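I am opening a fresh page for this chain. My plan is to look up sheet pairing, then helix packing, then overall figures.

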Amino acid sequence: MAVVTMKNLLESGVHFGHQTKRWDPRMKKYIFAERNGIHIIDLQKTLRALEAARQVVREVTLEGERVLFVCTKRQLRPVIEMEAQRAGAFFVTERWLGGMLTNFATIKKQIRRLKDLERGIEEGSYEFYTKKEQLMLQRERDKLNKYLAGVKDMARLPGALFVVDAKKETIAVKEANNLGLPVIAITDTNADPDVIDYPIPGNDDAIRSVSVITGAIADAIEQARRELPPETRRRAEEAEAVTYSTETGTTQEAAQGDDRKRRRPRRKRKPRPEAIAGLRTEGAAEEGGAAPAAEPEQA
């Protein structure tokens, strides 16, 4: 696992904060000084916070969970996607969909739809559709892939969130807090560190600054994944190996449905002859006015 030094942080401009008029007073404990109307972040505290964050993602990964990287800043998308893919983590870089964590059941339906469209287009299942219908399906797939490309394999909630710019990704942070998921975030001088479990004070706008911090987090995850015990890795792969189908849902849901059918089979009611005879006698009495008298038995 690569070691991040004070020199690396200083050369990358991690210590540059926002203008003094845009600061959040709750970040005062992480500010070292003020220079030319700009707050300077204390890199000693940044280094300690970064090491604590690396330890957290390491523990989460060793438990078989995965981390979700969140950053919707356009200039930082390539960096986040590259580091997340290298670490085997999920990522959201286009737009945070409201309810992606708190309403994960609905998000799984969208992922299922995306997988069905991709499989259908690859297998040529839509070649007999009209050109307009094929175009509409292609557009639907592109739209879903735009927002869900980084979480297509996320069959369950992540173990932790790594957020770049906690102020911009407020909704993601709130959803994680509601679910009790640990949040690691790069917090600039205009952010609120109290809503973050593991804040990393630093510049969240510069590409070099974000690259250094994100790379350190990705290195910790990658190293922990290599150290995963075989049993833990097997359980994690089994939990993530989910096959989607529009008709039956996930393979797990389909299996549960089959179990329910086997446990409670439907029982057909057998007609009782005496009940049928009674109904026929009542019907005849209503039509004829009285029930026919029984014939006397012959001696």
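**Entry 1: a strand pair.** In which sense do strand 2 and strand 3 pair, and over how many bridges? I am working from a predicted model. I looked up the pairing and found it antiparallel, with 4 bridges between strand 2 and strand 3, the latter being residues 38–41. I also looked for what faces E34, and H39 in strand 3 stands opposite.

**Entry 2: the sheet around it.** I then traced the sheet as a whole. It is open, has 3 strands in the order 1-3-2, and its pairing is antiparallel. Why do strands 1 and 2 each have one side without a neighbour in the sheet? Strand 1 (16–19) and strand 2 (31–35) are at the edges and each has a single partner strand, so one side of each stays unpaired within this sheet. I noted the twist too: from one strand to the next it averages 30 degrees.

**Entry 3: helix 6.** Next I went to residues 170–179, which form helix 6. Which residues are buried there? I listed A172, V173, E175 and A176. Looking down the axis of helix 6, I found its buried residues within an arc of 165 degrees, so they line one face. I kept the general rule in mind: an α-helix has 3.6 residues a turn, so residues three or four places apart point the same way. On the other side of helix 6, I found K174 and N178 exposed.

I then asked what the buried residues of helix 6 pack against. The partners I found are strand 4 (67–70), strand 6 (160–164) and strand 7 (183–187). After helix 6 comes G180, and I read a positive phi there, near 75 degrees.

**Entry 4: two helices crossing.** I turned to helix 2 (residues 43–62) and helix 7 (residues 207–226). Their axes come within 8 Å and cross at roughly 30 degrees. I logged the crossing of helix 2 and helix 7 as right-handed. From helix 2, the contact uses L50, A53, R54, V57, R58, T61 and L62. From helix 7, I noted several contributors, including I213, A216, I217, A220 and A224. Charged side chains take part as well, among them D219 and R225 of helix 7.

**Entry 5: whole-chain figures.** I closed with the totals. I count 10 helices and 10 strands in the protein chain. The chain has 299 residues, and 42% of them count as buried. For contacts between residues at least 6 apart in sequence, 64% join residues at least 24 apart. The exposed area is about 18,100 Å², with carbon and sulfur atoms supplying 49% of it.

Terms used. Residues are numbered from 1 along each chain as its sequence is written. This is a predicted model: local features need pLDDT of at least 70, side-chain atom pairs count only at pLDDT 80 or more; totals for chains, interfaces and linings use all residues. Side-chain values use heavy atoms; hydrogens and water are left out. Two strands pair if DSSP finds at least two bridges between them. Axes are lines fitted to C-alpha atoms, for helices over the stretch in contact, and angles run from 0 to 180 degrees between N-to-C directions. Buried means under 20% relative accessible area, exposed over 50%, partly exposed in between (1.4 Å probe, protein chains only). Contact means heavy atoms within 4.5 Å. Accessible areas come from the Shrake-Rupley method with a 1.4 Å probe; for residues, only the protein chains shown count as cover. The arc is that of the directions from the helix axis to the C-beta atoms. A crossing is left-handed if the near helix is turned anticlockwise from the far one by less than a right angle, and right-handed if clockwise.
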